Amino acid sequence: MIAPTTPRPYTEVPGPKGRPFLGVARELLDDPFTLVEQVTVEYGGIVRMPMPGQTAFLLSDPDLVQFAFVQTERAVIKPPALIQRVDMVLGTGLVTSVGETWKRNRRIVNPMFTRERLHGLGPLIETVLAETVERWQGRTMIDVRQEMGHALLDLVIRGLFAESQEAMARFDDIADSLLELFRFVARQFVSAIPYDLYLPTPSRLRARARRKRIDGIIADMVHKRRASGQQHGDILGLLMEARDPDTGEGLSLDEIADEVRTLFLAGYETTATALAFSLQLLAEHHVERERLEAEVDRVLGGRPPTLDDLPALTYTTQVFHEAMRLYPPAWLIGRELPEETEMGGYLLPKGALLFVSPWATHRSPANWEAPLAFDPDRFSPERRGDYHRFAYVPFGGGARKCVGTNLAMMEGVLILAGLVQRYRLEKVPGERLRMRGGLTLDLLAGFRMYVTPRQPALPRSVTGASAPDDSQDSAPDESALDQPTGARPAAEPG
Ligand code: HEM
C-alpha cells in the first residue's frame, strides 16, 4: 500500500453515515457481523465508524492490521477505558496489563507456553477427549456449543490445577466462580455504557465475591505447595516457578491469581468456540469431512490420537485454521491511538478507537479469493504464500499476539481429530446458526447436531491416556503463520 505524501484529514475516511446521534452503535450491538462485513466490502480496508462521542475506525487492510498489532505497546495502545471495565476481574494479568508491567509479565509467562513445555499437557488433553467420546456414547443428538464448552471447562481448570487434589475436589466451586467472572467480563465488554464502574450493582458485588473466593482457593494452594517444597507441572505450578529471565524475579501471590483468572478467561471459550464452528462447518461440507475422516483413519489406524500425531494431521490442522478464518473466536480487537497518527494515507486523531476485526479481515474479498467459501486447502503448504500474513489473524499479532496459540492449536487439532475419528456429526433440519458478538464470537443458545458413531468403541480406560514421547516436537506445523515462541515480546518483527 503506497501512502500519499500528504495525509488526508480523517474526516475523508469513507464510511457509513449511521443514525443521528447513535451512528452505527445500535447495529454494532444488534448484528455486528453483518455490519463489519458489509462496510468492509463497501468502503474498503479502513472505514470510519460513526459512534456516539467517539472517533472510530474499522481496519481490515492487512497492512493497517499489521501496523495496529506491531505498534501495540509503541505507537498504539490497548484502550484504557476498555481495560478499566474489566480490571476488577483481570487485574494485572496479561490481557489487561500494559507498559512495563505487561512486558515483565509476558517475559515471565512466555516460556510456559512453548511447545516443549506444553507437551506435558498432552495426557490431559487426551483424557478430556476420551471423556467427551465416552459422554457421547449412546446419544443421537448433542448441543455442540454446550459439549465443547464442557470439554474446555474441564481442560482449562484441570490444566490450571490438575496436581491439587483439593482443587479437583472443589472443581464445581472453582468452575462456578470462574464462569461467573467470565460472564461479568463478557457483559462489561459489550455493555454500551459501563454504568456500574463505580456503583456496587448486584452483578459487580457478585463478581467481587467470586473473585475473593477463587483467590482464597489459589492462595491456599500456593501456601501449601510452598510449604511442601514440591514442584508441580500444572499451570499454577509453572506460574509459581516462572522467573523473569532478565531479573530472576517471580510473580507475587496477587499476580499469580490475576494470571490464573486471565488464562481461564482467555483460554476457555475461545477454543471451545473454534471447535464448535469446526464441527458445524464439517457437517455442511461433506467432501471436506470425508477427506478429514480419511486422514484421521489413515494416521491413527483406529487408536486414539496423541500429541505425537499432530504433525501428521495436516488436513485436520488446515480445517481448524479455515474454521477460525470464517469464524474467528476473537472477532473484534480494540486499540487506541495515544497520538495523532498517519495510517493508510489519513491523519487519524489522538484518542481514535481502532477496531481491528479478524472477522472483517478474514472475509474481505480484497484479502481472500472467494472469502466466504469453506476451503481448508487455503492453508496447505503450497498455498500459504497466497495471502498476506496479517490477512489471517485469529490469534492477533505483534508482541501482544495470543500467548496460548500453541496450546489452542494442540487442543483444537487433537480434539477435532479424536471426535471425527469416532463420530459423524450431521445437521439437524431447521437448526439455525445464531451468533452473538460478545467477548468472543458466541453461538447463541447452542447448536444441536445429530451424532452417529463411526467406529465401534475401542477399549480404552479414561485414565490410561498414553504418555507422549518427549523426544519429538509434537506441535502442529504453523511455520508459515505468525508463530509465537518463547521469544521476548518486544522482539517480534512486523
Ligand atoms: C482458539 C483459541 C484462541 C483464540 C482464537 C485466541 C485469540 C487471542 C487473541 C486475538 C489475542 C490478542 C488480543 C489483543 O491483541 O488484544 C489473544 C491474547 C491472549 N490469549 Fe488467546 N486465544 C485463544 C486461546 C488461548 C489460550 C488457550 C490461552 C491460554 C490458556 C490464551 C491466552 C491468551 C492471553 C494470556 C492473551 C493476552 C496476551 C498479551 O496481551 O500479552 N489464549 N488471544
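Helices, as DSSP runs of at least four residues, are numbered here from the N terminus, and a residue is near a molecule if one of its heavy atoms lies within 4 Å of it. In these terms, α13 gives the most to the shell around the ligand, contributing three residues. The model under description is a predicted one.

The ligand is surrounded by 25 residues, of which W102, R106, R335, R400 and C402 come nearest. Several elements of secondary structure take part in this shell: at least two residues each are supplied by α5 (99-109), α13 (253-267), α14 (269-284), β5 (333-336) and α18 (405-422). By class, the shell comprises 16 nonpolar, five polar and four charged residues.

Polar atoms of the protein approach the ligand at several positions. At W102, one of the residues that come nearest, a polar side-chain atom is 2.7 Å from an oxygen atom of the ligand. Backbone atoms are also involved: a polar backbone atom of L94 lies 3.4 Å from an oxygen atom of the ligand, and a nitrogen atom of the ligand is 3.4 Å from a backbone N or O atom of A266.

Two of the helices that supply residues to the shell, α14 and α18, also pack against each other, their axes coming within 10 Å and crossing at roughly 35°. This crossing of α14 and α18 is right-handed. From α14, the residues T271, L275, S278, L279 and L282 meet A408, E411, G412, I415, L416, L419 and V420 of α18. The contact of α14 with α18 consists of eight nonpolar, three polar and one charged residues.

Helix α18 packs in addition with α7 (residues 122-136), at an angle of about 30° and with the axes 10 Å apart. The crossing of α7 and α18 is again right-handed. On the α7 side, the contact is made by I125, E126, L129, T132, V133 and W136; on the α18 side, by M410, E411, L414, I415, G418, L419 and R422. Eight nonpolar, two polar and three charged residues make up the contact of α7 with α18. Residues E411, I415 and L419 of α18 take part in the contact with α14 and also in that with α7.

A further helix pair is formed by α4 (residues 80-90) and α10 (residues 171-190), which pack with their axes 9 Å apart at an angle of about 170°. Angles over 145 degrees count as roughly antiparallel, and α4 and α10 are therefore roughly antiparallel to each other. The crossing of α4 and α10 is right-handed. In α4, L82, R85, V86, M88 and V89 meet L181, F184, V185, Q188 and F189 in α10. The residues in the contact of α4 with α10 divide into eight nonpolar, one polar and one charged.

Technical notes
Residues are numbered from 1 along each chain as its sequence is written. This is a predicted model: local features need pLDDT of at least 70, side-chain atom pairs count only at pLDDT 80 or more; totals for chains, interfaces and linings use all residues. Side-chain values use heavy atoms; hydrogens and water are left out. A polar contact is a pair of N or O atoms within 3.5 Å; within protein, one must be able to donate a hydrogen and the other to accept it, and residues adjacent in sequence count only if both atoms are side-chain atoms. Ala, Val, Leu, Ile, Met, Phe, Trp, Tyr, Cys and Pro count as nonpolar, Asp, Glu, Lys and Arg as charged, and the others, Gly among them, as polar. Axes are lines fitted to C-alpha atoms, for helices over the stretch in contact, and angles run from 0 to 180 degrees between N-to-C directions. Angles under 35 degrees count as roughly parallel, over 145 as roughly antiparallel, 65 to 115 as roughly perpendicular and the rest as oblique. A crossing is left-handed if the near helix is turned anticlockwise from the far one by less than a right angle, and right-handed if clockwise. Contact means heavy atoms within 4.5 Å.
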